[in-house]
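Here are some exercises to work through with the structure open beside you. Try each task on your own before you read its solution.

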Amino acid sequence: ELRVEDRIRRRDGTTKRDWRNSIGFKIFNVITLMLQQLSAAACYSLPAAFFPPRALEKGFTESLVGVLFGLYAGGRILLYIVLAKRLSSIGVKTCLCSGSTIAATCMVLFGILDKSPPGPIYVALCFALRITESIGFSCALLSIHVMTTEIFKEKRVLVVGIMQNMFGIGVTIGPALGGFLYDLGGFSVPFVAVGTFSLTMALINMISLPSLSATPVKANMSMIQLLNNKFSMCCGFLQLALTLCMGFYEATFSVHLVNNYKFVISSVGLMFLISPLFVMTIGISISILL
């Protein structure tokens, strides 16, 4: 017997099965959300291979390049805290589609910044677009987690794990993809290609995803209690250490390879793959052994 939420009522009073609640359509929605997550993660690390050398030519310093990369992650942390309590009033689908559209548009616009004159104007425009992009993708990423857990309520742990893996894959392949596209067509091509793909996924999700409202759930512990938990603190510090080890060289590594060893940009992108692939290999090996 069909559940009430799986039926839609005809004009004559009879009911039929709602195809939007079929397992096939749910899988399609999850796949589009996975691709949206992948593109959002790739946008973060995409410029690592080719942007720092170009930015130094346009008026940036090494410190400013580092701050520009850090704003993306820093914006996510701050916005998550604010947005988590207001997501139910905004609407999950609205937050996802609007955030993805804004961020993808900023990504495309970032690709034409190379036409800007060097100096303070270029620096200001880069920061403005990067901050706006961070806000947009933060809204999208938070909404993706809520949307996927609502679509597959009975398999939340599996779906969240898949989404986390997609984010890791996106961050890993971002520099290599950026370097390859840069050598293929220049500065604009990586941003326009990935931004257009992300915008396409946002339009598909806008049409296909159901409208959901995030119902606030009373937490079992407060944020202060969570931070005081020894296990939570240990996991947090480990995550912080791993992130620092894998991310601290994003602002200067490509400059070092290009200036001192005359690497081509695509080779620089491949160099960024070594550390994440090593971590993934060790993690998979440990998981199999345990």
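**Warm-up**

The protein chain exposes about 16200 Å², and carbon and sulfur atoms supply 70% of that area. Keep in mind that this is a predicted model.

**Exercise 1. Describe the overall build of the chain: how many helices and strands are there, and in what pattern do they follow each other?**

Step 1. Count the elements: the protein chain has 12 helices and 2 strands.

Step 2. Read along the sequence, and you get β-β-α-α-α-α-α-α-α-α-α-α-α-α.

Step 3. Now look at burial: of the 290 residues in the protein chain, 40% are buried.

Step 4. Finish with contacts. Among those with a separation of 6 or more, 78% join residues 24 or more positions apart.

**Exercise 2. Find the largest nonpolar core and say which element gives the most to it.**

Step 1. This core has 38 residues, and those with the most contacts inside it include Phe-51, Phe-60, Tyr-122 and Phe-187.

Step 2. List the elements that give two or more residues: α1 (23-45), α2 (51-57), α3 (62-83), α5 (92-110), α6 (120-151), α8 (188-208), α11 (253-261) and α12.

Step 3. The largest share comes from α6, with 7 residues.

Step 4. Do not stop there: a second, separate core of 22 residues includes Val-30, Leu-79, Val-92 and Ile-151.

**Exercise 3. Which residues does Phe-51 touch, leaving aside its neighbours within four places in sequence, and what does its aromatic pair with Phe-187 tie together?**

Step 1. With those neighbours left aside, Phe-51 is in contact with Phe-60, Leu-68, Phe-69, Phe-110, Tyr-122, Cys-126 and Phe-187.

Step 2. Turn to the rings. The whole structure holds 12 aromatic pairs. One of them joins Phe-51 and Phe-187, with 6.4 Å centre to centre and 40 degrees between the planes, which makes it tilted.

Step 3. Place the partners: Phe-51 lies in helix α2 and Phe-187 in the loop between α7 and α8, so the pair ties together parts that are 136 residues apart in sequence.

Step 4. Both Phe-51 and Phe-187 are buried. They also belong to one aromatic cluster, whose members include Phe-50, Phe-127, Tyr-182 and Phe-191.

**Exercise 4. Is each ring of the pair Phe-253 and Phe-272 buried or partly exposed?**

Step 1. Start with the geometry: Phe-253 and Phe-272 form an edge-to-face pair, 5.5 Å centre to centre, with 85 degrees between the planes.

Step 2. Phe-253 sits in helix α11 and Phe-272 in helix α12, 19 residues apart.

Step 3. Recall that buried means under 20% relative accessible area. Phe-272 has 4%, so it counts as buried. Phe-253 has 21%, so it counts as partly exposed.

**Exercise 5. Compare Ser-134 and Ile-284: which is buried and which is exposed?**

Step 1. Ser-134 is in helix α6. Its relative accessibility is 1%, so Ser-134 is buried.

Step 2. Leaving aside neighbours within four places in sequence, Ser-134 is in contact with Leu-71, Tyr-72, Gly-75 and Arg-76.

Step 3. Ile-284 is in helix α12. Its relative accessible area is 52%, so Ile-284 is exposed.

Step 4. Ile-284 also helps make a nonpolar surface patch of about 530 Å², together with Ile-169, Ile-173, Leu-277, Met-280 and Ile-288. Two elements, α7 (156-185) and α12 (265-289), give two or more residues to this patch. The most comes from α12, with 4 residues.

Terms used. Residues numbered from 1 in each chain as written. Predicted model: local features only at pLDDT ≥ 70, side-chain atom pairs only at ≥ 80, totals over all residues. Heavy atoms only, no water. Patch = residues over 30% accessible without salt bridge, like charges linked within 9 Å, V, L, I, M, F, W, Y side chains within 5 Å. Areas by Shrake-Rupley, 256 points an atom, 1.4 Å probe, with all protein chains shown as cover. Salt bridge = Lys/Arg side-chain N within 4 Å of Asp/Glu carboxyl O. Buried < 20%, exposed > 50% of the residue type's maximum accessible area, 1.4 Å probe, protein only. Core = buried A, V, L, I, M, F, W, Y, C linked by side-chain atoms within 4.5 Å. Contact = heavy atoms within 4.5 Å. Phe/Tyr/Trp six-rings, centres within 6.5 Å; stacked < 30°, edge-to-face > 60°.
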